[in-house]
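I opened this notebook to record what I looked up in one protein structure. The entries go from the whole chain to single residues.

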Amino acid sequence: MDIHVNQKLLTLPDGATVADALTAYGARPPFAVALNGYFVARAQHGARALQAGDRLDIVSPVAGG
């Protein structure tokens with residue numbers, strides 16, 4: 001199935017989870033994750049299944065001011 005991670009196309013096997021997508025994308029902590037615009041708690045990454053066409057946004061904190 002194809003999903004978008006930070007606006008880039010990523011192909012994953014059917015039944016993949018948010019955790020699978022993060023691993024395939026190479027995300028490194030710390031980060032927050034939104035699935036189709038909704039926050040996904042870290043404890044739910046392994047249980048939250050993805051669907052074809054989903055949009056996953058990975059946001060890293062930025063220091064400064």
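The entries below concern a predicted model.

**Entry 1: the order of the elements**

I began with the secondary structure, and I found one helix and five strands in the protein chain. Reading from the N terminus, I noted the order β-β-α-β-β-β.

**Entry 2: overall dimensions**

I then asked what radius of gyration the protein chain has. The value is 11 Å, and a compact globule of 65 residues would have a radius near 11 Å, so the two agree. I also looked up the box that the C-alpha atoms fill along the principal axes, which is roughly 40 × 25 × 20 Å.

**Entry 3: surface and charge**

I looked up the exposed area of the protein chain, which is about 4300 Å². Carbon and sulfur atoms supply 54% of this area. For the charges, I recorded 5 positive and 5 negative side chains. The centres of these two sets lie 11 Å apart.

**Entry 4: burial and the nonpolar core**

How much of the protein chain is buried? I noted that buried residues make up 31% of the 65 residues. I next turned to the largest nonpolar core, which has 16 residues. The residues with the most contacts inside this core are Ile-3, Leu-12, Val-18, Ala-21, Leu-50 and Leu-56. I checked which elements contribute, and β1 (2–5), α1, β3 (32–35) and β5 (55–59) each supply at least two residues of this core. The largest share, three residues, comes from α1.

I took Ala-21 as one example from the core. Leaving aside neighbours within four places in sequence, Ala-21 touches Ile-3, Leu-10, Leu-12, Leu-50 and Leu-56.

**Entry 5: contacts across the sequence**

I wished to know what part of the contacts joins residues far apart in sequence. Among contacts in the protein chain with a separation of 6 or more, 50% are between residues 24 or more positions apart.

**Entry 6: Thr-17**

I located Thr-17 in the loop between β2 (8–11) and α1 (18–25). Is Thr-17 buried or exposed? Its relative accessible area is 12%, and buried means under 20%, so Thr-17 counts as buried. I then listed its contacts beyond four places in sequence, which are His-45, Gly-46, Arg-48, Ala-49 and Leu-50. For one of these partners, Arg-48, I looked up the distance as well: its C-alpha atom is separated from that of Thr-17 by 5.4 Å. The two residues are 31 residues apart along the chain.

**Entry 7: backbone exceptions**

I reminded myself of the usual case before reading the backbone angles. Most residues other than glycine have a negative phi, and most peptide bonds are trans.

I found a positive phi of about 50 degrees at Asn-6, which is not a glycine. Asn-6 lies in the loop between β1 and β2. Its relative accessibility is 27%, so I entered Asn-6 as partly exposed.

Asn-36 also is not a glycine and has a positive phi, of about 55 degrees. I placed Asn-36 in the loop between β3 and β4 (38–39). Because its relative accessibility is 36%, Asn-36 counts as partly exposed.

Where is there a cis peptide bond? I found one joining Pro-29 and Pro-30, with omega at about 0 degrees. Pro-30 lies in the loop between α1 and β3.

How values were computed. Residues are numbered from 1 along each chain as its sequence is written. This is a predicted model: local features need pLDDT of at least 70, side-chain atom pairs count only at pLDDT 80 or more; totals for chains, interfaces and linings use all residues. Side-chain values use heavy atoms; hydrogens and water are left out. Helices (H or I, at least four residues) and strands (E, at least two) are DSSP runs, numbered from the N terminus. Buried means under 20% relative accessible area, exposed over 50%, partly exposed in between (1.4 Å probe, protein chains only). Contact means heavy atoms within 4.5 Å. The radius of gyration is taken over C-alpha atoms; the globule rule is 2.2 Å times the number of residues to the power 0.38. Accessible areas come from the Shrake-Rupley method with a 1.4 Å probe; for residues, only the protein chains shown count as cover. Lys and Arg count as positive and Asp and Glu as negative; His and the chain ends are not counted. The place of a charge is taken as NZ of Lys, CZ of Arg, CG of Asp or CD of Glu. A nonpolar core is a set of buried Ala, Val, Leu, Ile, Met, Phe, Trp, Tyr and Cys residues joined through side-chain atoms within 4.5 Å.
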